[in-house]
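Thanks for sharing this one with me. Below are my notes, set out as numbered points to read with the model open beside you.

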Amino acid sequence: MSISSERCQLVFQKMERALLKLSSGQDSESVHGFRTTSRRLQTLLEQLIPDRNRKQKKLLKLLDRIRKRAGKLRDLDVQLAALRSLKAPQEPRRKTRLMHSLIELRVKHERALGKLLTKEKIREIRMRLKRASKKVKPEAAHDPLTVARAMLAKVVRPAGPVTEDVLHQYRIAVKRARYAAEFAPKSAAAERFMAQLKHLQDAVGNWHDWLTLTKTATKRIGDINESSLVAALHNVTGGKFRLAVAALSASRITQSGPKAVPIPSAHSPRVGAQNPALVARTKTAA
């Protein structure tokens with residue numbers, strides 16, 4: 001099943017627009033837009049198109065350097081969003097200080113990203129995008145849905161309870177599978193498959209956002225015995241973990257056989273797992 005030429009050209013056009021928008025300002029929307037669009041282009045050139053030439057590899061290398069730097073901003077953006085949404089009343093001053101420290105760190109990384117986005121570099125990437133778009137051969141592309149399912153099948157399924165490491169693997173695999181599936185021609189089957197991918201991606205991604213914030217807070221403030229705010233974050237992260245595992249268990253697209261993904265037991269060690277001691281500490285602090 002080939003990819004339409006229009007769909008291929010569109011991703012190159014969107015990549016150029018996302019690059020220009022990022023160079024104009026590194027707000028959360030432009031950062032996220034650049035990262036997702038560059039990932040879609042990477043998926044097209046690395047996973048769907050059989051043959052890549054040296055110039056296409058150079059283009060991806062240039063975009064990858066910017067995307068990695070933008071990723072530092074994205075990590076901070078999702079942490080700030082999660083922290084702002086936290087309704088727990090514990091330690092408001094510490095929460096404010098943590099918020100300010102994340103904002104200051106974002107300013108630092110924003111400056112570093114801006115140094116990469118020189119006029120010369122933007123001009124070079126735009127030129128390479130135009131050249132690469134003319135060389136791509138969509139009629140020779142692999143079937144997007146087949147590629148997407150193969151990405152999911154590569155994740156090693158555990159024999160026991162789901163761990164954080166397994167969720168991390170699925171988080172990356174589902175995201176990449178969705179990028180590949182988006183290139184598939186419209187059909188009812190493709191729409192259902194992508195809807196399942198999005199549901200799972202949202203659940204696992206939400207858990208990861210809170211996990212990242214919890215680890216940052218622990219590093220800057222202290223562990224659960226030193227801060228009721230950190231204890232509250234651990235409880236929230238534990239809840240998000242269980243929701244992500246439940247979504248994984250219910251998802252058919254990640255099932256390689258009749259056996260479902262095991263739900264984690266109460267004794268499964270993991271960062272951010274909710275437990276009665278933390279709940280009691282949080283309620284006492286409230």
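1. How many residues apart are Asp64 and Lys68 in helix H3 (residues 54-85), and about how many helical turns is that? They are four residues apart, which means a separation of about one helical turn. Please keep in mind throughout that this is a predicted model. Asp64 and Lys68 form a salt bridge, with 3.3 Å between the closest N and O atoms. Asp64 is partly exposed, at 21% relative accessible area; that value is not under 20%, so Asp64 does not count as buried. Lys68, at 57%, counts as exposed.

2. Helix H5 (residues 119-135) offers another pair to look at: Lys121 and Glu124 both lie in this helix, three residues apart, about one turn. Their side chains meet in a salt bridge, 3.6 Å from N to O. Lys121 is partly exposed at 25% relative accessibility, and Glu124 is also partly exposed, with a relative accessible area of 22%. Salt bridges with shared partners also join Glu16, Arg126 and Lys130 into one network.

3. Please look at Lys21 and Glu29 as well. A salt bridge joins Lys21 to Glu29, and their closest N and O atoms are 3.1 Å apart. Lys21 is partly exposed, with a relative accessible area of 41%, whereas Glu29 reaches 55% and counts as exposed. Glu29 earns that label because its value is over the 50% cut-off. The salt bridges in the model come to 13 in total, including the one between Lys21 and Glu29.

4. Now for the aromatic side chains. The count comes to one aromatic pair. Its rings belong to Trp207 and Phe241, with centres 6.0 Å apart and planes at 65°, so the pair is edge-to-face. The label follows because planes over 60 degrees apart count as edge-to-face. The pair links distant parts of the chain: Trp207 sits in helix H8 (residues 188-220) and Phe241 in helix H9 (residues 228-250), 34 residues apart. Trp207 is buried, at 0% relative accessibility, and Phe241 is buried too, at 1%.

5. Two arginines are worth a look for their places over rings. Arg7 lies over the face of Phe183, at 4.5 Å from the ring centre. Arg149 has its charged end over the ring of Phe193, 4.8 Å from the centre.

6. How are helices H7 and H9 oriented relative to each other? H7 (residues 164-181) packs with H9 at an angle of about 60°, and their axes are 11 Å apart. The two helices are therefore oblique to each other. An angle of about 60° falls short of the 65 to 115 degrees that counts as roughly perpendicular, and it is not under 35, so oblique is the right word. H7 passes H9 in a left-handed crossing. H9 is also the helix that holds Phe241, from the aromatic pair in point 4.

7. Last, a contact in space between positions well separated in the sequence: Asp75 and Leu213 are 138 residues apart in sequence, and their C-alpha atoms are 8.9 Å apart. Asp75 is found in helix H3, the helix of the Asp64 and Lys68 pair in point 1. Asp75 is partly exposed, with a relative accessible area of 40%.

How values were computed. Residues numbered from 1 in each chain as written. Predicted model: local features only at pLDDT ≥ 70, side-chain atom pairs only at ≥ 80, totals over all residues. Heavy atoms only, no water. Salt bridge = Lys/Arg side-chain N within 4 Å of Asp/Glu carboxyl O. Buried < 20%, exposed > 50% of the residue type's maximum accessible area, 1.4 Å probe, protein only. Phe/Tyr/Trp six-rings, centres within 6.5 Å; stacked < 30°, edge-to-face > 60°. Lys NZ or Arg CZ within 6 Å of the ring centre and 35° of its normal. Axes fitted to C-alpha atoms, helices over the stretch in contact; angles between N-to-C directions. Parallel < 35°, antiparallel > 145°, perpendicular 65-115°, else oblique. Left-handed = near helix turned anticlockwise from the far one by under 90°.
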